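Let's walk through this structure together, moving from individual side chains to the way the helices pack. Keep the viewer open and follow along.

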Amino acid sequence: NEARETLALIYADHYQRLDLAVAQLEQLVAQSNAPTRHVVHWLTLMASLQLKLAGDRAAARLTYQRIADRFPQTPAAEEARRQIGHLGAG
């Protein structure tokens, strides 16, 4: 997991390849046995990269919504909804 996350960051930081970074993070998120805190971390990282590399507020909003939908009634969901609010409607 650590190596895949590191690879995602290399794709993002060194190669500016959001698509490849997201693909690595999606593989991590898809693991059935991944702890909630890790999934939340990976999705939050994904949203951050979507904003940083592409300025894609819509994609980041959808990624935060995945956290809220997947882990409702948790502090992570509350934080995700807060982030969605900061992103606004545009």
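Glu-26 is partly exposed in this predicted model, because its relative accessibility of 27% lies between the 20% and 50% cut-offs. Its side chain is engaged in a salt bridge with Arg-66, where the closest N and O atoms are 2.7 Å apart. This pair brings together distant parts of the chain: Glu-26 belongs to helix 2 and Arg-66 to helix 4, and 40 residues separate them. Arg-66 is likewise partly exposed, at a relative accessible area of 32%.

How many salt bridges does the structure hold? There are five, and two others are worth a visit. One of them joins the side chains of Asp-13 and Lys-52, at 3.3 Å from N to O. Here too, distant parts of the chain are linked, with Asp-13 in helix 1 and Lys-52 in helix 3, 39 residues apart. The partners sit in different accessibility classes, because Asp-13 has a relative accessible area of 38% and is partly exposed, whereas Lys-52 reaches 57% and is exposed.

For a salt bridge within a single helix, turn to helix 5. The side chains of Arg-81 and Glu-78 meet there at 2.6 Å, N to O. These residues are three places apart in helix 5, so about one helical turn separates them. Arg-81 is partly exposed, with a relative accessible area of 34%, and Glu-78 is also partly exposed, at 42% relative accessibility.

Asp-13 and Lys-52 also lead us to a helix pair. Helix 1 and helix 3 pack with their axes 11 Å apart, at an angle of about 5 degrees. Helix 1 is therefore roughly parallel to helix 3, since angles under 35 degrees are counted that way. On the helix 1 side, the contact is made by Glu-5, Leu-9, Ala-12 and Asp-13. Helix 3 contributes His-41, Trp-42, Leu-45, Leu-49, Lys-52 and Leu-53. By character, the residues of this contact divide into six nonpolar, one polar and three charged.

Now for the interior. The largest nonpolar core has 26 residues, and those that touch the most other members are Leu-25, Val-39, Trp-42, Leu-43, Leu-49, Tyr-64 and Ile-67. Which helices supply at least two residues each to this core? Helix 1 (2-13), helix 2 (18-29), helix 3 (36-54), helix 4 (57-70) and helix 5 (75-87) each do so. Helix 3 gives the most, with eight residues. Trp-42 and Leu-49 are worth a second look: they are among the core residues with the most contacts to other members, and they also take part in the contact between helix 1 and helix 3.

Leu-43 is a good residue to select next. Leaving aside residues up to four places away in sequence, Leu-43 touches Val-29, Thr-63, Arg-66 and Ile-67. Arg-66 is thus a familiar face, as the salt-bridge partner of Glu-26.

Thr-63, another neighbour of Leu-43, is found in helix 4. Is Thr-63 buried or exposed? Thr-63 is buried, because its relative accessibility is 3%, and buried means under 20%. With the same sequence neighbours left out, Thr-63 touches Leu-43, Met-46, Ala-47 and Gln-50.

Terms used. Residues numbered from 1 in each chain as written. Predicted model: local features only at pLDDT ≥ 70, side-chain atom pairs only at ≥ 80, totals over all residues. Heavy atoms only, no water. Core = buried A, V, L, I, M, F, W, Y, C linked by side-chain atoms within 4.5 Å. Buried < 20%, exposed > 50% of the residue type's maximum accessible area, 1.4 Å probe, protein only. Helix = DSSP H or I, 4+ residues; strand = E, 2+ residues; numbered from the N terminus. Contact = heavy atoms within 4.5 Å. Salt bridge = Lys/Arg side-chain N within 4 Å of Asp/Glu carboxyl O. Axes fitted to C-alpha atoms, helices over the stretch in contact; angles between N-to-C directions. Parallel < 35°, antiparallel > 145°, perpendicular 65-115°, else oblique. Nonpolar A, V, L, I, M, F, W, Y, C, P; charged D, E, K, R; others polar.
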